[in-house]
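Please walk me through this two-chain model by question and answer. Keep the steps short.

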Amino acid sequence: MQVDRRAVQNFDWLMLGLVLAISLIGVLTIYSATRPGVEGQPHPVFFIKQLIWIMLGLICLFIVVRLDYQWFARLSVVFYAAGLLLLVFVLVKGRVGMGAQRWVSIGGFSFQPSELFRVAFVIMLSAYLSRMKPPISFMAFFRMLPLLALLPLLLLVKQPDLGTASMAAGIFLLACAARKMEKKLLIGIALFGLISVPFFWDLIWHDFLHDYQRNRIIAFMDTDIDPAGIGYHISQSKVAIGSGMVFGKGFMHGTQGPFRFLPEKHTDFVFSVFAEEWGLLGSLFLIALYMLFFYRALDTARQAKDEFGCFLALTITFMFAIYFFFNIGMTMGMMPVVGIPMPFMSYGGTAVLANYIAAGLLINVRLRRFELFY
Amino acid sequence: MNYFDRQNIKLIMAVMAVFFFIVTARLWQLQVLRGKEFRRIAEDNRLRITDILAPRGIIYDRNGMPLVRNSPNFCVSVLPDMKKEAHAGSISGLLNMPVEEITRLLNEKKGSLEPVKLKERLSFEEVARIEARLSEFPELTIDVEIARDYIYADLAAHLIGYIGKLAPAQAADPAFDDVPRTGYTGQWGLEKFFDKDLRGVPGQRLIEVDALGRELRIVGEIPPGKGGDLTLALDLNLQMAAEEEFGDRAGAVVAMNPKTGELLGLMSRPSFDPNLFVPAIKPADWRALALDPRHPMLNRAFQSQYPPGSTFKIITAIAALEEGVVSPENTVTCRGGFGLGSHVFGCWRHEGHGPTAIYKALVESCDVYFYTYGLRTGMDGIARYARALGFDTKAGIGLGSEKKGLIPDAAWKMRARKDKWYPGETVVASIGQGYVAVTPLQMARLMGVIGTGGKFIPSVSFLKYTGGRVRGEPVPIALKESTIKLVQDALAGVVRDDRGTAHWSAHSQLVSISGKTGTAQVTSSLQGPDHAWFVAYAPSEDPEVALAVLVENGGHGASAAAPVAKKAIEAYVKAKQERERIKYAGGQESSPKL
C-alpha cells in the first residue's frame, strides 16, 4: 500500500493524538473502576476488551481516512438504509438486556446497532443538508422530517434507547439550525415544542416511558426524595466526583466505583471514577483535552473544502458535544440519567468503533481540505 | 456554492465555551466548595465500624476449677449479597432445617446488610459436614462467635446464672452502653451480679465494605479487653457432693464459711441448664421452664420460706438461756405431751423423753421441753433473739428477690391478723411451727453464729476470701459464753451421741459435725409430707463450713436431709486433706491454686 507523503504531512495527528489520549485515560479508568474489591480476586478483563476495541477502532479509522469522504456522500443513502435495517433487525432479533432490546449477537460478538446507526445518521444528514439551499422552508422541513427524523426516532424509542433517540433528535435540530431555517419554521418549531409538551406529556409520561425512566426524571428533579433508591445513581456519582477534591484520591484509590457504590462505573459513570481519583486538576486536564478536540473539529468544519465536508464535521462535532455535555452533566447531577456514554472513555465496543469511525471522518475532511489534493 | 457562512462556527465555539465554563464551575462547586462534605460521605460509605466482642471472664471455683468458660459457637449464615441466590430448599437438606424456617429467617432480614444467621451451636460433626459441601453453597459462610459454656450444666445454676442478649430496656440504659448490641450481658445470678467485672471491653474493627455490605478488608483494629476472671468462694467438691446426694428432690443447700462469710455452696433443686439461655433460649424451652409445676427457676435457698421445725429449737434454747428463764440443770419431765388449757401439744416421741434437761432436749429434740420453756420465755423474747440472729430480715444477698421469712409476735399478729396473741401460738412457735418461716440461707447463717461462738455473717461473700474487708464481714453478737458453750455441746451431741437424732445419719469418721435435725409440718394449703431440715457446722471444734439442708416434703430431717449435709461436709474436708497432703509431700507447687 502506497502512502502519499502529503497524506502523512496533512494528516491530523493532533486529532488522532487527542482521541488516543482520551481513550487511554478511559482504559486506565476502566481498569481502576473494575478492580476487585477484595485482593486476590481476578481482575475483570473489561480494560483488555476495551483495548482490543480501540485497536479495531484505529483500523476502522485508517480505512475511513483512506477513502475520500465524497465517497461517503455518494453512498450516504446506502449507509443510512443499512443503519435503519439494523435498527429494525435489532427490534426483531435483538437480545434483551437491562430492560431494553439493544444488542444483537453475531458470531459470538454482541454489538449495539444504534451506535453504528448514529454514524450513518450524521453522514446522511450532512449529505442531505449540504445539498439543500438555505433557508429551510416549512415544506422542505416536512419533506425531510419523516425519513430523516421520525422513522429512526420511532425505531430507537421502540427498543427503547432513549439516550440515542434524544441525541439523534438533538443532532437533527442543531444541524437544521446550522443550515438556517426560515423564521416562520423556527417560530413554528418553537411553538410546536411549547404546545406539544403539555399536550403530549400525558401520553409520553404514561405510555412511552418505562418505570425506570420515569423514576430517573423524578430523581433528577429532586435527588433528596430517596438517596438510596431512584436518586441513588446521581447522589453516588456526585459523592464520587466531590470526594476527589482538588488533587484526587490517586489512581487505583477511588472507592466509589470498585466498591459498587456507583453503578455503571465503567460505562456511563466513568467520568465520576476518573474525577474521584484525579481530582479537580485531573478533571480540568481531561476537559481541556475535550475542548481541544472540539476546537479542532470545528476548525476542520471551518476549513473544509466543500459544503458536505463542512456539514459532516459540524454534525459529528454536534454529536460528540451532545454526548460529552449530557454525560458529564449527568454525572454531576445537572442532567437526568439518560444512559449516554462518554465519547472515547466509556467502556463499550460498538461505541468505540462508531466514535473512531466518526473521528476518522473528521480527519478525512481535514486531510482533504485543499481543492488541489488528489 | 457555499451557502454556509463559516463565521457561524465562531458562534458555535462561543456557545460551547459557555457550556465548558458551566461544567468547570460545577466541577469547582462539587470538588472544591463541597469536596470535604463529599469526601466524608464517601468514607462513611466504605468504612464500617463493627464491634469485636470481648471474651467474658472465666468463673473458677475456690480451687481453680473452671465452672464457666467461653466456647466457640459455630454458626452458619447467608452472606448479605447472596440472599437472592440462597435456595431454601437445598439449604434445608444441608442444615436439617425446615424450609419454612429458612424462608422466614431470610425474609425477616430482607434488605439488611448483615448476614442472616441460620443455625448456631453447630456440633463439630455438623461443621465438618457443611464445610465439606461449602463449595456447592457459595452463599453460606461458617463463622465462629464466642459463646458461654456452663460446664456443669445445672450445677449451682441458681448461683451462677446465665447470660443473654440485651433486653430492650437494657439497650436503652446507659449502664449498658459499652455492651455491643450484638453482645451478651449477664442476665441472672453471678453472671449478672459481676457483669461489669466479667464483661470486658469490646474491641472495634474498622472494615472496608462495598455497597452490598461485603467486608473487603480490615483497615484497623482495636483488640478487645478480656473480662476479668472470677474465683468464687464456691467449693466444687462440696457443691457436687450435695447435688449428687440430693438427687431429684426439691429443696436447697446453702453452705458458707462462718468466719469469712464465703459462700461455699448454693444449691436449689430442681434446677435448670443455663446453657439453654445461650445464645438465646428457644420459646419452647422457656415455656417449659416457666410452666414447670416444680418451678425450677425458683431459688429455694432464699426465694422461698419454710417452717423451720425443730431446727428452731436452737433459737428457743438461746432465748431461754440468755433471758435466764432456764439453767442447764432445770429439767422437764416429758411424758409425750404438754397441756395448755384444754389442749394437749404432743411430743414427736409419743412415749416421752422422761426427765429432760436442755442438753438432752436439744440432742433428742424433745418438744415438751421447748413448749415449756418457750412459753416461759415468751414470744417477744424468742422473737428478739431470732431477729438479732438474722431472721425476719433479708440478707441483701443481691441475687434477685429475697424472702425475709417471718418471726411472729404479738405486735405482728395485731398488725397482720387483727387479733391478739395466744399462748398456744408461743408453744408451737417454740418448736418452729405455726407462723414461723425461715429461709435455708438464714439457717446456715445461724449455724455460723453458733459454730464461731457469736460471729454473725450479715451477708455472704461470693468471691474467695483473700484478706481484707468483704461483703460477708462477720459482726460479733453478744451472747453469754455459757449459752454458746452449752448449745455447741448439745449440737455436737446430736451427731456424736448414740441417742442424738442425727447420729446414725450424719456421724462421720472423717470430721466432727455438729447439727440439728428438723421435721417441719406443712401446714399451709399445700398439704404434703413434712419438710426435712438439717442444719450443721463442721468441724465442731473450729468450723469451716456452716450449712443448711432443706428437702421439700422430704420427710424426716435425720433421714432425708442429714446425709446430704454429711456428704457435702465430707467432700469439702476430703478435698482439703488431699490438697494438704500434696502440699506437704512437696514438689507440687505448680498445682492449681491450692
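Q: At what angle do H12(A) and H1(B) pack?
A: This is a predicted model, in which local features need pLDDT of at least 70, side-chain atom pairs count only at pLDDT 80 or more, and totals for chains, interfaces and linings use all residues. Residues are numbered from 1 along each chain as its sequence is written, while chains are lettered from A and ligands numbered from 1 in the order in which they are written. Helices (H or I, at least four residues) and strands (E, at least two) are DSSP runs numbered from the N terminus; axes are lines fitted to C-alpha atoms, for helices over the stretch in contact, with angles from 0 to 180 degrees between N-to-C directions. The axes of H12(A) and H1(B) are 11 Å apart, and the angle is about 170°.

Q: Which orientation class does that give H12(A) relative to H1(B)?
A: Angles under 35 degrees count as roughly parallel, over 145 as roughly antiparallel, 65 to 115 as roughly perpendicular and the rest as oblique. The H12(A) and H1(B) pair is therefore roughly antiparallel.

Q: How many nonpolar residues are in the contact of H12(A) with H1(B)?
A: Two residues are in contact if their C-beta atoms, placed from the backbone, lie within 7 Å. H12(A) contributes residues including Leu284(A), Ile287(A) and Phe294(A), and H1(B) contributes residues including Met16(B), Phe20(B) and Trp28(B). Ala, Val, Leu, Ile, Met, Phe, Trp, Tyr, Cys and Pro count as nonpolar, Asp, Glu, Lys and Arg as charged, and the others, Gly among them, as polar. The contact has 1 charged, 4 polar and 17 nonpolar residues.

Q: Which element gives the largest share of the side of chain B that touches chain A?
A: In total, 33 residues of chain B are in contact with 36 residues of chain A. Two elements of chain B give two or more residues to that side: helix H2 (35-46) and helix H1 (8-33). By class, the side has 20 nonpolar, 6 polar and 7 charged residues. The largest share, 15 residues, comes from H1(B).

Q: Is Gly257(A) buried or exposed?
A: Gly257(A) sits in the loop between helix H11 (232-243) and helix H12 (270-303) of chain A. Its contacts, leaving aside neighbours within four places in sequence, are Ala33(A), Ala240(A), Leu262(A), Lys265(A) and Val273(A). A residue is buried if 20 or more other C-beta atoms (placed from the backbone) lie within 10 Å of its own, exposed if 12 or fewer, and partly exposed in between. Gly257(A) has 28 such neighbours, so it is buried.

Q: What is the phi of Met252(A)?
A: Met252(A) also lies in the loop between H11 and H12 of chain A. With 12 other C-beta atoms within 10 Å, Met252(A) is exposed. Most residues other than glycine have a negative phi. Met252(A) is not a glycine, yet its phi is positive, about 70°.

Q: How many other C-beta atoms lie within 10 Å of Ala156(B)?
A: Ala156(B) has a positive phi of about 50° although it is not a glycine. Its place is the loop between strand E5 (140-150) and helix H6 (157-160) of chain B. Ala156(B) is buried, because the count is 29.

Q: What is omega for the peptide bond from Ala538(B) to Pro539(B)?
A: Pro539(B) lies between strand E20 (531-538) and strand E21 (545-551) of chain B, in the loop. The bond is cis, with omega near -10°.

Q: Which residue does a cis peptide bond join to Arg269(B)?
A: The partner is in the loop between strand E12 (263-269) and helix H11 (283-291) of chain B. Omega is about 0°, and the partner is Pro270(B).

Q: How far apart are the end C-alpha atoms of helix H18 of chain B?
A: All 13 of the 13 residues of H18(B) are buried. The expected span is 1.5 Å times one less than the number of residues. For the 13 residues of H18(B), 440-452, that gives 18 Å, which agrees with the end-to-end separation of 19 Å.
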